Amino acid sequence: MRWAAAIAIFAFTISLAARAQMGSDRASSIPQYELAPHDPVPLPIGAPGDWVTGIFGCTDDNSVFVIMMTNAPGSSMPTGMDLYGIRSGTDIVKFTPQLAPGFRSVGPISRYFATDSKVVALAYGTPIGYSDLDEPKDPVKHSVPILLTFDRTGRLLDSATLTRAVNPQQVALFPSGDILILRWDDENRRTSLAILNSKGRIEREIPVTVSDPGEQGGSGSGTALVGVEIYSWGQDLLLVPEGANRPIVEVSETGVVNTWSLHFPKGYERALPVAFDPHSWLFRMVPPEKPLSSDATTSPAERNGLAYMERFPGVVMAFDPSSGDPVREFTFPSGLEPACESNGKFVFLGAKGGGLQFATALVPN
């Protein structure tokens, strides 16, 4: 299915409310800023039945990266996954893993990490050696993880084959150019940080022994790593677990630097991050009237998707990482979700009429 028409450019009117709210379900004395979108203009991206996961990658140039899921008519399961980098309604780049040499087939990008100059990604592929008449009965069993490096134009710069024993769960890129693989060390039952060069060779491994994001409820199975997202913060990286009450782990190229916890107003639940500025961390929040934990029929991925999040008005809270306390709150009507924020500029994505909408809004300091 090809993407048909509908992206919108929005002019945003921003009105400062900056008022203290008292009550059991809202934080007191937090300045509030109300964002009001209007005047949509359609542009060509999106198609009915397709949807975008609510997990976004962001860069300092206000680009937002999304994985789009394609659904065939009448199908309840996605039939395709594509990674796009969106800088504006007309500046959109698709990252295609099928260009990786040495493989007869390569699956979609499952994990990625974007910077201002490069995008590193993980995919699985079947190496050359199987003919069309000798297709393995179980392609998954014969597939291996592939590390892909793109430039920001979508050109494949490098690819490297990883062994299945590496079992990569997430990938990220340090400012130095070294690549981080988040993996579960099954032998020692703990999360391990593997530092790789661009050729995929492991330079060193660092065990995570403090606030291990791979442990969930003490099970020590590593299954929780599937829900960990990685974000840049200065020269370090932040491992953000899916569980709202679990600590955020800061890592450098030498190991764990710190762990961080946030304090949420009563009734609110943390969704996914919007931005990590030097002195402020922004998170999408779920207000008390629609808690995530109350919807047992919806998967974590679906709960963070645009189609789910747009059902109710949105809230973003800014937290002071040093204290963990909320310091500002941004509210906006349903229909658009904040994907990124950089230097006072919000980037929004939304789904309307089966299409994807892209918008920006400036927020005064």
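Is Lys94 buried, partly exposed or exposed? Lys94 is partly exposed, with a relative accessible area of 40%. The points below place this residue and others in the predicted model.

1. **Confidence.** The structure is a predicted model, and its mean pLDDT is 77. Of the residues in the chain, 73% reach 70 or more. Confidence is highest in strand S9, at 96, and lowest in strand S1 (residues 11-16), where the mean is 26. Over residues 1-26 pLDDT stays under 50; for this segment the model nevertheless has 109 contacts beyond four places in sequence.

2. **Overall make-up.** The chain contains three helices and 27 strands. It has 365 residues, of which 51% count as buried. Considering contacts between residues at least 6 apart in sequence, 51% join residues at least 24 apart. The exposed area of the chain is about 16500 Å², and carbon and sulfur atoms supply 52% of that area.

3. **A four-stranded sheet.** Strands S13, S14, S15 and S16 form an open sheet in that order, with antiparallel pairing. Strand S13 (168-173) and strand S16 (202-207) each have a single partner strand, so one side of each is left without a neighbour in the sheet. On average, neighbouring strands of this sheet are turned by 25 degrees against each other, direction ignored. As general background, strands of a sheet pair through backbone hydrogen bonds, either parallel or antiparallel.

4. **The S15-S16 pairing.** Strand S15 (residues 190-196) runs antiparallel to S16, and five bridges join the two. One point of reference for inspection is Ala194, whose bridge partner in S16 is Glu205.

5. **Salt bridges.** Side chains of opposite charge can pair when their charged atoms come close. The structure holds seven salt bridges; the next three points take up Asp82-Lys94, Asp61-Arg152 and Glu229-Arg111.

6. **Asp82 and Lys94.** The residue of the opening question forms a salt bridge with Asp82, the closest N and O atoms being 3.6 Å apart. Asp82 lies in strand S6 (residues 80-86) and Lys94 in strand S7 (residues 92-95), so the pair ties together parts that are 12 residues apart in sequence.

7. **Asp61 and Arg152.** The side chains of Asp61 and Arg152 form a salt bridge with an N to O distance of 3.2 Å. Asp61 belongs to the loop between strand S4 (57-58) and strand S5 (64-70), while Arg152 belongs to the loop between strand S11 (144-151) and strand S12 (156-161); the pair therefore ties together parts that are 91 residues apart in sequence. Asp61 is partly exposed, at a relative accessible area of 22%. Arg152 has a relative accessibility of 18% and counts as buried, because buried means under 20% relative accessible area.

8. **Glu229 and Arg111.** A salt bridge also joins the side chains of Glu229 and Arg111, at 2.7 Å from N to O. This pair links distant parts of the chain, 118 residues apart: Glu229 is in strand S17 (residues 229-233) and Arg111 in strand S9 (residues 111-114). Glu229 is buried, with a relative accessible area of 10%, and Arg111 is buried as well, with 13%. Strand S9, which holds Arg111, is where confidence in the chain is highest.

Conventions
Residues are numbered from 1 along each chain as its sequence is written. This is a predicted model: local features need pLDDT of at least 70, side-chain atom pairs count only at pLDDT 80 or more; totals for chains, interfaces and linings use all residues. Side-chain values use heavy atoms; hydrogens and water are left out. Two strands pair if DSSP finds at least two bridges between them. Axes are lines fitted to C-alpha atoms, for helices over the stretch in contact, and angles run from 0 to 180 degrees between N-to-C directions. Buried means under 20% relative accessible area, exposed over 50%, partly exposed in between (1.4 Å probe, protein chains only). Contact means heavy atoms within 4.5 Å. Accessible areas come from the Shrake-Rupley method with a 1.4 Å probe; for residues, only the protein chains shown count as cover. A salt bridge is a side-chain nitrogen of Lys or Arg within 4 Å of a carboxyl oxygen of Asp or Glu. pLDDT is the predictor's confidence in each residue, from 0 to 100.
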